[in-house]
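Me: Please take a close look at one part of this model with me, starting from a single side chain and working outwards to the sheet around it. I am new to this, so please explain each term as you use it.

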Amino acid sequence: MKFSTREDIEAPIDHVFAEMSDFDTFQRRAMRHGGRVERLDDGPIKQGSHWDIAFSYRGRDRRMQAELTEIEPPHHYVVVATSDGMTITTEVELVALSRGRTRIAIGMDLRAKSLTARLLLQSMKLAKGKLTKRFKARIVEHAEDIEDAYRKSV
């Protein structure tokens, strides 16, 4: 199952990439929502950086391992996460439309590798419209936060 969206942001590509690849902020945000995120390597974020993630979903505790498999600043990165027979590939692409405007394209591909994961994906497919709406709303909200942060820094 795939989710994807695009959003234009009134900020230069370097600023947008810095915000979109601020994994420490993502980690803190997940923790505020009840998840536990632990980075398993030290130093700067680079290809091969990985995290152990624990969260509750549909009344069950779940664990996930995520790895930054590709990164090409300021244009692109890919994070692959695996959990309970499911693989989630998240790809973020940025394109400079002008000096002060950037388009982000974010895609998530969820693939099941076990019967349990297939059942979970099947139930998600039934609610795909609602999930897609929620996914796009979160991206729009994040884009607005990036624009606000850029305006404050200028």
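Reply: **From one helix residue into the sheet**

Phe26 is found in helix 2, which covers residues 23-32. Helices (H or I, at least four residues) and strands (E, at least two) are DSSP runs, numbered from the N terminus. Before we go on, keep in mind that this is a predicted model, in which local features need pLDDT of at least 70 and side-chain atom pairs count only at pLDDT 80 or more, while totals for chains, interfaces and linings use all residues. Residues are numbered from 1 along each chain as its sequence is written, and side-chain values use heavy atoms, with hydrogens and water left out.

Is Phe26 covered or open? With 27% relative accessibility, Phe26 counts as partly exposed. On this scale, buried means under 20% relative accessible area, exposed means over 50%, and partly exposed lies in between (1.4 Å probe, protein chains only). Leaving aside residues up to four places away in sequence, Phe26 touches Glu19, Met20, Tyr77 and His142; a contact here means heavy atoms within 4.5 Å. The C-alpha atoms of Phe26 and Val37 are separated by 9.3 Å, and the two residues are 11 apart along the chain.

Now step back to the helix as a whole. Helix 2 lies across strand 2, strand 3, strand 4 and strand 5, and it runs at about 150° to strand 2. Axes are lines fitted to C-alpha atoms, for helices over the stretch in contact, and angles run from 0 to 180 degrees between N-to-C directions.

Next comes the sheet itself. Its seven strands form an open sheet in the order 1-7-6-5-4-3-2, with antiparallel pairing. Strand 1 (2-9) and strand 2 (36-39) stand at the edges with a single partner strand each, so one side of each is left without a neighbour in the sheet. From one strand to the next, the twist averages 20°. Helix 1 (residues 13-20) also packs on this sheet, touching strand 1, strand 4, strand 5, strand 6 and strand 7 (101-112), and its direction makes about 160° with that of strand 6.

Let us settle on strand 5. This strand spans residues 76-83 and is mostly covered, with six of its eight residues buried. Two strands pair if DSSP finds at least two bridges between them. Strand 5 pairs with strand 4 in the antiparallel sense over seven bridges, and Val79 in strand 5 is the bridge partner of Leu68. Strand 4 and strand 5 form a hairpin with three residues between them.

On its other pairing, strand 5 is joined to strand 6 (residues 86-98) by eight bridges, and the two run antiparallel. Here Val79 stands opposite Thr90, and Ser83 stands opposite Met86. This hairpin has two residues between its strands, and Asp84 in the turn has a positive phi of about 40°.

Two residues of strand 6 are worth a visit. Thr87 is one of them, and at 17% relative accessibility it counts as buried. The side chain of Thr87 makes a polar contact with the side chain of Lys113 at 3.4 Å. A polar contact is a pair of N or O atoms within 3.5 Å; within protein, one must be able to donate a hydrogen and the other to accept it, and residues adjacent in sequence count only if both atoms are side-chain atoms. Beyond residues up to four places away in sequence, Thr87 touches several others, including Val80, Asp109 and Lys113.

Glu91 is also found in strand 6, and its 31% relative accessibility makes it partly exposed. Again leaving out residues up to four places away in sequence, Glu91 touches His76, Tyr77, Val78, Ala105, Ile106 and Gly107. The C-alpha atoms of Glu91 and Val79 are separated by 6.6 Å, though the residues are 12 apart along the chain.

One last stop takes us to charged side chains. Asp52 forms a salt bridge with Arg63, with the closest N and O atoms 2.3 Å apart. That pair links distant parts of the chain, with Asp52 in strand 3 (residues 50-57) and Arg63 in strand 4 (residues 60-72), 11 residues apart. A salt bridge is a side-chain nitrogen of Lys or Arg within 4 Å of a carboxyl oxygen of Asp or Glu. Asp52 is buried at 7% relative accessibility, whereas Arg63 is partly exposed at 43%.
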